[in-house]
Amino acid sequence: MGKALTTNKSVLDWLQKQVDLVKPDEIEWIDGSQEQIDKLRAVAVSTGEMIKLNQDLLPDCYLHRTKKDDVARVEDRTLICTPTEEEAGPTNHWMEPSKCYKMLYDIARDSYKGRTMYVIPYSMGPIGSPFSKIGIEVTDSIYVVLNMSIMTRVGQKVLDCLGDSDDWVRGLHCKCNVDKEKRYIVQFPQDNTIISVNSAYGGNVLLGKKCFALRIASYQGWKEGWQAEHMLILGVQYPDGDIKYVTGAFPSACGKTNLAMLIPPKSYQEKGFKTWTVGDDIAWIRKGADGRLYAINPENGFFGVAPGTNMKSNPNALLTTKQGTIFTNVARNLDNNTVWWEGLDNNPPENGEDWLGHEWHASTATEKAAHPNSRFTAPSKNCPCLSSEFENPQGVPISAIIFGGRRAKLAPLVYQSKDWNNGVFVGSIMASETTAAAAGAVGVVRRDPMAMLPFCGYNMGDYWQHWIDIGKTLDPDKAPKIFNVNWFRKDDEGHFVWPGFGDNLRVVEWILARCEGKVDAKETAIGYVPYAKDINREGIEDEVSLEALESILTVDKDLWLEDTKSIEELYAKFGSHLPKVLREELDTLEANLNK
Ligand code: GTP
Ligand code: SPV
Ligand code: MN
């Protein structure tokens with residue numbers, strides 16, 4: 001078994017079963033040491049799995065290319081295997097567990113022959129925090145080991161923390177032949193088990209991330225009274241030094257990393273505003289001793305979308321990638337051995353390679369250089385605006401929860417729900433245009449409740465009820481207020497009306513002012529909408545006229561009524577699992593719109 005780093009029987013027994021199944025030539029435990037990382041990087045470079053980039057310009061940075069048909073999450077091959085289909089619910093793909101185990105074992109059997117099995121003990125959340133949970137992933141991919149070593153806390157100290165406990169999530173990853181016809185990403189929530197076969201792309205194989213920290217953890221949170229959400233965590237520091245925290249759930253590639261790392265507009269900087277990043281993708285939330293909700297970021301790195309990231313849109317993200325980063329499916333500039341992607345700068349490489357490794361010349365190119373879902377894996381500690389609370393084992397108190405999506409029409413720039421239950425309703429009716437983060441068509445509006453459609457590990461009706469039940473335990477004065485935002489409203493020419501990015505702080509300021517009861521709002525059929533004059537436009541008066549701002553704060557009753565049809569369709573799927581409260585909320589919305 002290699003040199004086992006633990007005597008934990010549940011770990012060793014499980015591991016022996018995996019070894020008997022996949023038959024590795026060697027076993028190597030990941031201890032968390034720099035020497036081991038350095039050695040594995042060198043091996044990956046020698047086999048071509050990674051390309052070492054210019055070490056003067058990008059120290060400890062590497063480029064990796066996945067297979068052409070393995071570039072995003074595969075939602076139609078992602079399964080939630082609960083004992084009954086009803087427990088997985090109408091929005092998840094399901095298979096009977098014993099049948100699924102057999103199918104997966106048949107695919108995985110002997111697949112490590114000639115390969116090394118890497119055993120990665122990892123902690124989601126600061127090691128030993130009351131929020132944190134431990135997992136063990138075995139993989140035959142060095143790329144996975146190196147990514148997990150950035151995205152999570154790994155190594156001996158995790159096993160020391162685990163001790164003899166069997167409370168840990170089992171994860172088996174088998175690259176196999178990366179055959180898309182045999183690709184499956186499977187969660188067994190009742191067994192604390194994840195099996196992923198025939199992929200080597202991030203969200204499918206970094207099992208701590210979506211598979212554990214959302215799908216398995218959402219199920220654990222349901223059973224244990226807490227929540228795992230697809231949310232960023234942002235701290236806003238006021239000129240007097242006070243810091244307020246918000247969380248935000250936006251679907252994949254809809255702006256979480258950008259909001260989490262935003263740079264305040266100039267006029268805000270001059271007044272003394274600062275912003276701090278706690279997390280950019282996942283929040284684990286539970287009630288603290290003072291009755292407020294607290295959030296931690298269970299991750300230790302950022303797996304961010306590269307295209308569009310530049311010194312203007314998100315300098316903090318770009319600076320975070322300057323060291324110790326793995327780039328996946330971006331383009332390479334052969335003149336200086338650095339990376340490039342669409343929207344980085346105005347200097348696309350003339351002498352380059354596209355994300356597939358083919359020659360790419362800016363002057364003659366007809367195809368994109370980087371894949372639209374190309375990503376960087378960067379250590380949190382590199383982030384210039386990382387919150388001092390990042391490692392706080394108790395998390396940060398949340399003032400507001402913000403839902404949001406990409407809607408060219410319909411949803412206003414921002415609105416506030418009427419109370420907790422109405423806020424849960426607002427989250428449940430989220431919809432967004434699809435993006436390149438998942439395989440399939442891009443730009444199609446689909447309902448994506450709480451940005452959790454691809455990530456909820458059990459029946460989403462029960463998940464909504466869990467949200468409502470959490471609300472019942474909160475004193476209304478202490479419960480976060482719930483909002484919805486839409487940075488993506490377009491004018492009739494198809495241009496974004498709102499400048500977005502750093503200017504989103506203007507909206508967050510309004511949100512926090514509402515939480516404190518410091519600003520008035522207009523009551524509409526859907527909730528409270530700002531008066532345009534109350535959104536600070538100092539410095540962007542020319543870019544966004546008052547009329548333009550008003551145009552994206554309107555609530556078009558006919559469009560909304562049209563939209564309720566698709567909400568009805570969604571809700572109809574849940575039968576008796578649809579919470580009564582949400583049915584009533586929808587009836588109220590329809591009545592308000594018909595008034
Ligand atoms: P995942 O990592 O897939 O969960 O994505 P994410 O939600 O973190 O999205 P991210 O912040 O990486 O943004 C994805 C895309 O949205 C990028 O191309 C951004 O340029 C774009 N984007 C982000 N914020 C804004 C905004 O405020 N306005 C506009 N117009 N585009 C934005
Ligand atoms: C997402 O798709 O929401 C991501 C990237 O954050 S992945 O890890 O692939 O899920
Ligand atoms: Mn995400």
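How far does a polar side-chain atom of Tyr201 lie from an oxygen atom of ligand 2, and what is the answer in Å? In this predicted model, the separation is 2.8 Å. That contact is a good place to start a walk through the structure, with ligand 2 as the first stop.

Two further side chains reach oxygen atoms of ligand 2 with polar atoms of their own. Ser252 places a polar side-chain atom 2.5 Å from an oxygen of the ligand, and Arg73 does likewise at 2.9 Å. How much of ligand 2 does the protein cover? On its own, ligand 2 would expose 280 Å², and the protein buries 98% of that area. The space that ligand 2 takes up is the largest pocket.

Now look at what surrounds ligand 2. Its shell includes Tyr201, Gly203, Lys209, Lys210 and His230, along with Asp281, Phe303 and Arg375. Ala437 and Phe455 also belong to the surroundings of ligand 2, as do Arg73 and Ser252. Sorted by character, this shell splits into 4 nonpolar, 3 polar and 5 charged residues.

From here, let us move to ligand 1. Of the 21 residues around ligand 1, the ones that come nearest are Ala253, Lys256, Thr257, Asn258 and Arg375. Arg375 appears in the surroundings of ligand 2 and in this nearest group around ligand 1, so keep an eye on Arg375 as you turn the model. The contacts of ligand 1 involve both backbone and side chain. A polar backbone atom of Ala253 is 2.7 Å from an oxygen atom of ligand 1, and a polar backbone atom of Gly255 is 2.9 Å from an oxygen of the ligand. Asn258 takes part through its side chain, with a polar atom 2.8 Å from an oxygen atom of ligand 1. Taken alone, ligand 1 exposes 660 Å², of which the protein buries 90%. The space taken by ligand 1 is the largest pocket.

Which secondary-structure elements supply at least two residues each to the shell around ligand 1? They are α9, spanning 256–260, and β17, spanning 301–305. Helix α9 gives the largest share, with 3 residues. By character, the shell around ligand 1 holds 10 nonpolar, 7 polar and 4 charged residues.

Ala253 deserves a second look for its backbone. Most residues other than glycine have a negative phi. Ala253 is not a glycine, yet its phi is positive, at about 60°. You will find Ala253 in the loop between β13 (243–249) and α9. Is Ala253 buried, exposed or partly exposed? Its relative accessible area is 26%, and because that value falls between the limits for buried and exposed, Ala253 is partly exposed.

Asn337 offers a second case of this kind of backbone geometry. Its phi is near 55°, again a positive value in a residue other than glycine. Asn337 sits in the loop between β19 (331–333) and β20 (338–340). With a relative accessible area of 18%, Asn337 is buried, because the cut-off for buried is under 20%.

Next comes a contact within the protein. Gln416 belongs to strand β25, which covers residues 414–416. The side chain of Gln416 makes a polar contact with the side chain of Arg514, at 2.6 Å. Gln416 has a relative accessible area of 6%, and therefore counts as buried.

Three helical residues round off the walk, each paired with a residue elsewhere along the chain. Asn592 lies in helix α17 (residues 580–594) and, at 14% relative accessibility, is buried. Its C-alpha atom is 8.3 Å from that of Thr524, although the two residues are 68 positions apart along the chain.

Asn204 is part of helix α7 (residues 202–205). At 1% relative accessibility, Asn204 counts as buried. Between the C-alpha atoms of Asn204 and Leu386 there are 27 Å, with 182 residues of separation along the chain.

Finally, find Asp106 in helix α4 (residues 97–108). Why does Asp106 count as partly exposed? Its relative accessibility is 38%, and partly exposed covers values between the 20% limit for buried and the 50% limit for exposed. The C-alpha atoms of Asp106 and Leu334 are separated by 42 Å, and these two residues are 228 apart along the chain.

Conventions
Residues are numbered from 1 along each chain as its sequence is written. Chains are lettered from A and ligands numbered from 1 in the order in which they are written. This is a predicted model: local features need pLDDT of at least 70, side-chain atom pairs count only at pLDDT 80 or more; totals for chains, interfaces and linings use all residues. Side-chain values use heavy atoms; hydrogens and water are left out. A residue is near a molecule or strand if one of its heavy atoms lies within 4 Å of it. A polar contact is a pair of N or O atoms within 3.5 Å; within protein, one must be able to donate a hydrogen and the other to accept it, and residues adjacent in sequence count only if both atoms are side-chain atoms. Accessible areas come from the Shrake-Rupley method with a 1.4 Å probe; for residues, only the protein chains shown count as cover. On a 1 Å grid over the protein atoms alone, a cavity is a set of points where a 1.4 Å probe fits but cannot get out, and a pocket is an open set with protein on both sides within 12 Å along at least five of seven lines; lining residues have an atom within 4 Å of a point. A molecule sits in a cavity or pocket if more than half of its atoms lie within 2 Å of its grid points. Ala, Val, Leu, Ile, Met, Phe, Trp, Tyr, Cys and Pro count as nonpolar, Asp, Glu, Lys and Arg as charged, and the others, Gly among them, as polar. Helices (H or I, at least four residues) and strands (E, at least two) are DSSP runs, numbered from the N terminus. Buried means under 20% relative accessible area, exposed over 50%, partly exposed in between (1.4 Å probe, protein chains only).
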